[in-house]
Amino acid sequence: MITMKKYTYTEKKDTRSGFGAGLSELGKKNPNVVALCADLTGSLKMDAFQKEFPERFIQVGIAEANMIGIAAGLTIGGKIPFTGTFANFSTGRVYDQIRQSVAYSGKNVKICASHAGLTLGEDGATHQILEDIGLMKMLPGMTVINPCDFNQTKAATMAIADHKGPVYLRFGRPTVPNFTPADQKFEIGKAVLLQEGSDISIFATGHLVWKAIEAAEQLAEKGISAEVINIHTIKPLDEEAILNSVAKTKCIVSAEEHQMNGGLGDSIAQLLSRNTPYPQEYVAVNDSFGESGTPDELMTKYGLDTVNIVEAAMKVFNRK
Amino acid sequence: MNNSTFAQITLFMADTAQLQKICSQVRRDIVRMVHAVNSGHPGGSLGCTEFLVALYFDIMKHQPKPWDMDAKGQDAFYLSNGHISPVFYSVLARSGYFDVAELKTFRKLNSRLQGHPTTHEHLPGVRIASGSLGQGMSVAIGTALAKKMNKDNTIVYSLHGDGELQEGQIWEAAMFAAGNKVDNLISTIDYNGRQIDGDVDKVLPLGNLRAKFESFGWKVLEISKGNDMDAVLTGMNEAKAATGKGQPICVILHTEMGAGIDFMVGSHKWHGVAPNNEQLAQALAQQVETEGDY
C-alpha cells in the first residue's frame with residue numbers, strides 16, 4: 001500500500017483572480033507598482049487595482065506594442081510596471097518589443113498574461129496560445145512563471161515585484177482547485193514537492209498540477225509510486241529538484257498546457273541530456289493548434305487530462 | 001532692447017559659434033567611426049548633428065556624471081532610430097558621458113558601442129536599446145508618465161526617422177500621448193525624405209505629416225532648416241516653451257541626409273555605407289578638427 005499525502009480544496013477559483021488579488025495587495029504595499037492594461041481590465045481582474053489606485057493605472061487601449069514600450073519607459077524613474085492582457089497578445093504579438101525594449105534592455109517589466117492555453121475555451125485557436133512559454137523562455141534574462149492555482153498565482157504576483165528583472169507570469173481563465181496554502185511563500189525558481197514517490201517523477205506546471213496530483217492517486221491504486229513536483233518556474237528551472245527526483249525514479253512524465261515544442265518538457269529533457277538521460281513522456285499539445293470548445297472538452301480532446309498523465313506514466317514506467 | 005536682453009543675445013550668438021565648432025568635430029567623429037569598421041550609418045547621423053549637439057550642449061537639462069539611468073531631475077533623450085548611433089555616441093562622448101577615446105571601439109568586438117545603442121553593455125547615456133524601429137516613442141511616453149507620477153518637472157525627448165513612421169507602433173504611441181495629455185514629451189521627426197530603398201515618398205508616402213500629428217492631437221512645430229544651428233536652437237526652445245500645456249509636441253525637423261559632406265548630402269545612398277580611404281580624406285577636409293580627434 002502506497003502512502004499518499006492528501007490534497008483537498010474548499011473551492012475552485014480562477015488563477016487570473018489570484019493575479020488580480022495579488023496586484024491589489026501589491027498596490028497597497030508598494031507605491032512604485034504601476035499597472036497597464038490593453039482593454040481587458042475585467043478579463044484580467046485588474047479592476048480592483050484600477051478602482052483603488054487610478055493614478056497608477058494606465059489604460060492603453062488595444063495597442064499592446066505601445067503598452068510594452070510604455071512599461072519599459074516607466075522603469076526609468078523607478079516604477080515597477082505590470083502589463084496585463086491575454087497571453088497571446090502578451091507574447092507573440094509583441095515579441096520584438098519585449099525582446100528589444102524589455103529583455104535586451106534589462107528592464108524591470110512584469111508581463112502578466114491571462115487566458116493562456118486551451119482552457120481559454122470557446123474563443124478558439126486565434127486566442128489559445130500554446131507557444132508562449134517557449135517564446136518567453138528563449139529570451140536571455142527572462143524569468144518564466146506558470147503558477148497552478150489562485151493562491152499560488154496571488155503569491156507569485158507579489159513575489160515578482162521584489163525580483164529585479166523582466167518576468168513573464170502566465171495564468172488562465174478556468175476555475176481550478178485552489179489547494180496551495182494561502183500562506184505558502186512563493187520562491188521564484190524553487191519547485192514544490194507535492195507528493196513523494198519512488199517509481200516515476202511527474203513534473204507538472206500550471207493547470208496540469210492538480211491533474212498530476214489526481215494521476216498520482218490513480219497510479220498508487222495500480223501499485224505505482226509517483227512523485228509529483230510542481231514546476232511553477234520554468235525559467236530558471238529548479239535543476240537540483242529535478243535531478244534529485246529523477247536519480248530516484250529514473251523516469252519522467254512532464255505535463256503542461258503548452259506545445260510539446262519549447263515547453264517545460266523540453267527544458268527538462270535538455271537538463272537530463274546534459275546530465276543523466278532517462279525515459280521521458282510528454283503530456284502536452286503535439287504540434288497542433290486548438291479550436292473552439294469548453295475547456296474540459298478541449299483538455300480531453302488534446303490529451304491534457306488526468307487519464308493522459310496516468311497513461312504516460314504507465315508507458316514510461318514500462319520503458320525503464 | 002535693454003542691456004540684459006542684449007547680453008543674453010550676445011551669449012546666445014557666442015554659443016552658436018561654439019556649437020557649430022562642436023558639430024564640425026562630431027561630423028569628423030562620425031565619418032572616422034564608420035570608416036574604421038567599414039560599416040554603420042553616416043547619412044542620418046550627419047543630418048542630425050546640429051539637432052543632437054543643440055540638445056546635449058544647450059537645450060537639455062542633463063548631467064553626464066554621475067550617470068543616472070533614472071534621469072531624476074534631468075531631461076531624458078531616446079534615440080528611436082538607433083541606426084544613427086555614430087552621432088549619438090559622438091555627442092555623448094563629447095558632452096562627457098564617457099571618454100572620447102572609446103569611440104574607436106565602435107562596432108568592434110567587446111565594445112560598449114554596439115552597432116545599435118544598447119543598455120546591455122552599460123554605456124552611460126543610453127537608457128534603452130533601439131534599432132528595431134518604432135519603439136522609442138512608446139518608451140519615451142513611459143518615462144514621461146513616470147516623471148509626472150514622480151512630480152519630476154523635466155522633459156522627455158525622442159528622435160525618430162521619417163521612414164520609421166511607417167511602423168504601426170508609432171501611431172499607437174501618437175494616439176496614446178495625445179489622448180493622455182503627455183505634455184512633457186517632445187518627439188522630433190528627422191524629416192530628410194530618404195530611407196534605405198530610396199525616397200520616402202516612393203517607398204511609402206507619409207502624406208501630410210503635420211496634418212497627421214495635428215489630427216492626432218499633437219502640437220506640431222517645424223524647423224525648416226534642420227542643419228542650421230540657430231534655426232534648431234530657436235525651434236527647440238519654442239518646443240520647450242510649448243510643454244506643460246496639455247499636448248505632446250512634435251517637431252518636424254527638415255534635414256539633409258549626409259549634411260556637411262558634399263558628396264554624401266541629399267542621397268539615400270549613404271544611409272548605411274562607409275566611405276573608403278579616399279572618400280574619408282575628402283570628407284575630413286570639409287570638417288575642421290575643433291575639439292581634437294579621438
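This dialogue walks through backbone features, one helix and the interface of a predicted model with chains A and B.

Trainee: Where should I look for cis peptide bonds in this model, and which residues do they join?

Mentor: In chain A, a cis peptide bond joins Lys235(A) and Pro236(A), with omega about 0°, and Pro236(A) sits in the loop that runs between β12 (233–235) and α9 (239–249). In chain B, the bond from Lys65(B) to Pro66(B) is cis, with omega near -5°, and Pro66(B) belongs to the loop between α3 (49–59) and β1 (76–79).

Trainee: What is the phi of Asp39(A), and is this residue buried or exposed?

Mentor: Asp39(A) is not a glycine, although its phi is positive, at about 65°, and this residue lies in the loop between β2 (33–37) and α2 (47–52) of chain A. Asp39(A) counts as partly exposed because its relative accessibility is 44%, a value that falls between the cut-offs of 20% and 50%. Asn110(B), also not a glycine, has a positive phi of about 70°, and is placed in the loop between α4 (85–94) and α5 (136–149) of chain B. With a relative accessible area of 76%, Asn110(B) is exposed.

Trainee: How many residues does α5(B) have, and how many of them are buried?

Mentor: The helix α5(B) has 14 residues and reaches 20 Å from its first C-alpha to its last, close to the 20 Å expected at 1.5 Å a residue. It is mostly covered, since 12 of the 14 residues are buried, including Met137(B), Val139(B), Ile141(B) and Leu145(B), and also Lys147(B). Just after α5(B), the chain reaches Lys151(B), which takes a positive phi of about 55°.

Trainee: How is the size of an interface given, and what is the area buried between chain A and chain B?

Mentor: The size of an interface is often given as the accessible area that is lost when the parts come together. Here the area buried between chain A and chain B is about 2,200 Å², and carbon and sulfur atoms give 55% of that area. In chain A, the residues that lose the most area to chain B are Ile76(A), Gln100(A) and Tyr104(A), which together make up 30% of what that side buries.

Trainee: How many salt bridges and how many polar contacts are counted between the two chains?

Mentor: The count of salt bridges between chain A and chain B is zero, whereas 17 residue pairs are found in polar contact across their interface. On the side of chain A that touches chain B, the largest share, nine residues, comes from α3(A), and the residues of that side divide into 10 nonpolar, 12 polar and five charged.

Notes:
Residues numbered from 1 in each chain as written. Chains lettered and ligands numbered in written order. Predicted model: local features only at pLDDT ≥ 70, side-chain atom pairs only at ≥ 80, totals over all residues. Heavy atoms only, no water. Helix = DSSP H or I, 4+ residues; strand = E, 2+ residues; numbered from the N terminus. Buried < 20%, exposed > 50% of the residue type's maximum accessible area, 1.4 Å probe, protein only. Expected span 1.5 Å × (residues − 1). Buried area = accessible area lost by both parts, 1.4 Å probe. Salt bridge = Lys/Arg side-chain N within 4 Å of Asp/Glu carboxyl O. Polar contact = N/O pair within 3.5 Å; in protein donor to acceptor, adjacent residues only side chain to side chain. Nonpolar A, V, L, I, M, F, W, Y, C, P; charged D, E, K, R; others polar.
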